[in-house]
Amino acid sequence: MIEILNYIGGKLQASHTGAVIHNPEPATGQIYSTLPDSDSTDVEAAVKAAEEAFPAWSSLSATDRGRYLIAISNRIREKHDELAEAESRDNGKPLWLAKKVDIRRAHENFEFFGTGIMHFASESHPMHDGINYTLRKPLGVVACISPWNLPLYLFTWKIAPALASGNTVVAKPSEVTPYTAFLLAKICMEVGLPAGVLNIIHGLGPKAGSAMVSHPRTKAISFTGSTRAGKEIASIAAPMFKKLSLELGGKNPNIIFADCDFDKALNTSISSSFANQGQICLCGSRIFIQRPIYEKFRDAFVDKVKRMKIGDPMDPESKQGALVSGIHYEKVLSYIGLALEEGGTILTGGNAVHPEGRCATGWFIEPTVIENLPYDARCNMEEIFGPVVTLTPFDSEEEVLQMANATEYGLSCTIWTSNLNTASRMSEEIKAGIVWINCWLKRDLRTPFGGVKSSGVGREGGWEALKFFTEPKNVCIEY
Ligand code: NAD
């Protein structure tokens, strides 16, 4: 049994009560680790350690802080395989995916912000008789809370810019996937990150997470997770006038025009539908296909989906691993049942899978393709966050825009067309924070990342993140 511990003031420690949460491996459903069931007393200790570390950390030059981040990045790279195995085991995702995407992005995040802070500058506004310049100061102790779908990837995406810009951090990974955050704590100790600069608290959202949000001395909350939790967090933090960055749920449209590059749209749509078992906030779960190619696309898509291998995440042949938890597995299956009640037709999938051998009791679901659902059915409006997509035909740009924009969400959108005018018009009108044209998940870490409507408030990435984690102060000098 692996014992995951909190990381407070540079030391690994249990929760102050000794209480633990049991953590299962999704591929088997068997408990393999425990994590601290932390509460407000543990959070208080972490905030205190972060406060004590703040004066020295924020006084370091940007270059010196950057060097610590680059050292962490290098160590993550050295431990790439160990971290990827831990992530795959903890989350259920295929090992090859954890290697290719998750752990690679974790070291890139530290490298990107560790070097980026050396180039960060602030504005000046000259007048005819004076000049204004903007100072950007770190906020103090900030709280970072992340979800289970891309555990180390999203955890480091918040921590790295917060630390780079001179803040000290209290961070909490999801209680569903705590393992790689624990290994990150060990890495921070190995590279000699000063005690208290980063503190990692494990535990439940409504208990440990909520204590971080309501703590009077955490100055900003950077949160990625569900819209439901985002609302709760905003209701606590907004009246306390904390800075808030909320990256929330999505129900993204994948819009395929008849003039697209058919093979590229088809192959990429397999990934954008089912990568990470459909558990990526950017997955395109509503596929809209222009009527002249509807049948051709549907049949080719279903044929490919039927050939995807589901099984042990450690098997390099597995295209689909396990869903992250028993609760989530039940939720996704219930939505498949609801789709049938709503009049949908399952073209392929729809069932739980019990692979032979060690994974027989794991949480596997077939990649599922559904058609004939009204665009405003619940299964087309609510976030399922699993290996389930719907297919809907459309005729005109106006019609697909109306359907695509009909949900409460507005995170991302993918558009497939060879007509630049169509792509430009659609990009203007679609209500989303991120639009991909003839590609999906193509990422440049400098670009603003985030959603509109119930998909969130604020932007991460590049200068946006460094600006979020600093407070601007204008200084005006008269000549
Ligand atoms: P979740 O909201 O249940 O939990 C996310 C994190 O918040 C966890 O660490 C959890 O412990 C904590 N938390 C939960 N309730 C809290 C509360 N009241 N106060 C403080 N902390 C609390 O989300 P999840 O199920 O872990 O993740 C899936 C969700 O995340 C999906 O909705 C998905 O779309 C979203 N997501 C969004 C993005 C994005 O960039 N927009 C990226 C990844 C995932």
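Hi everyone. Let me start with what I mean by an aromatic pair: two rings of Phe, Tyr or Trp count as paired if their centres lie within 6.5 Å. With that in hand, here is the group I want to show you: Phe262, Phe274, Phe297 and Phe301 form one aromatic cluster. Please keep in mind that this is a predicted model.

For context, a search of the whole structure turns up eleven aromatic pairs. I'll walk you through two of them.

Let's begin with Phe262 and Phe297. Their rings meet edge-to-face, with 5.8 Å from centre to centre and 75 degrees between the planes. What does this pair tie together? Phe262 belongs to helix α9, residues 262–274, while Phe297 belongs to helix α10, residues 294–306, so the contact links parts that are 35 residues apart in sequence. And are Phe262 and Phe297 buried or exposed? Both are buried.

Now stay on Phe297 and look along to Phe301. This second pair is stacked: the centres are 5.7 Å apart and the planes make an angle of 20 degrees. Phe297 and Phe301 are four residues apart in helix α10, so about one helical turn separates them. Phe301 is buried, as is Phe297.

Back to Phe262 for a moment, because its ring also has a charged partner: the charged end of Lys296 sits over the Phe262 ring, 4.2 Å from the centre.

One more charge over a ring before I stop. Which residue lies over the face of Tyr153? That is Arg105, at 4.2 Å from the ring centre.

That's my tour, thanks for listening!

Conventions
Residues are numbered from 1 along each chain as its sequence is written. This is a predicted model: local features need pLDDT of at least 70, side-chain atom pairs count only at pLDDT 80 or more; totals for chains, interfaces and linings use all residues. Side-chain values use heavy atoms; hydrogens and water are left out. Rings of Phe, Tyr and Trp (its six-membered ring) pair if their centres lie within 6.5 Å; planes under 30 degrees apart count as stacked, over 60 as edge-to-face and the rest as tilted. Helices (H or I, at least four residues) and strands (E, at least two) are DSSP runs, numbered from the N terminus. Buried means under 20% relative accessible area, exposed over 50%, partly exposed in between (1.4 Å probe, protein chains only). A charge sits over a ring if NZ of Lys or CZ of Arg is within 6 Å of the ring centre and within 35 degrees of the ring normal.
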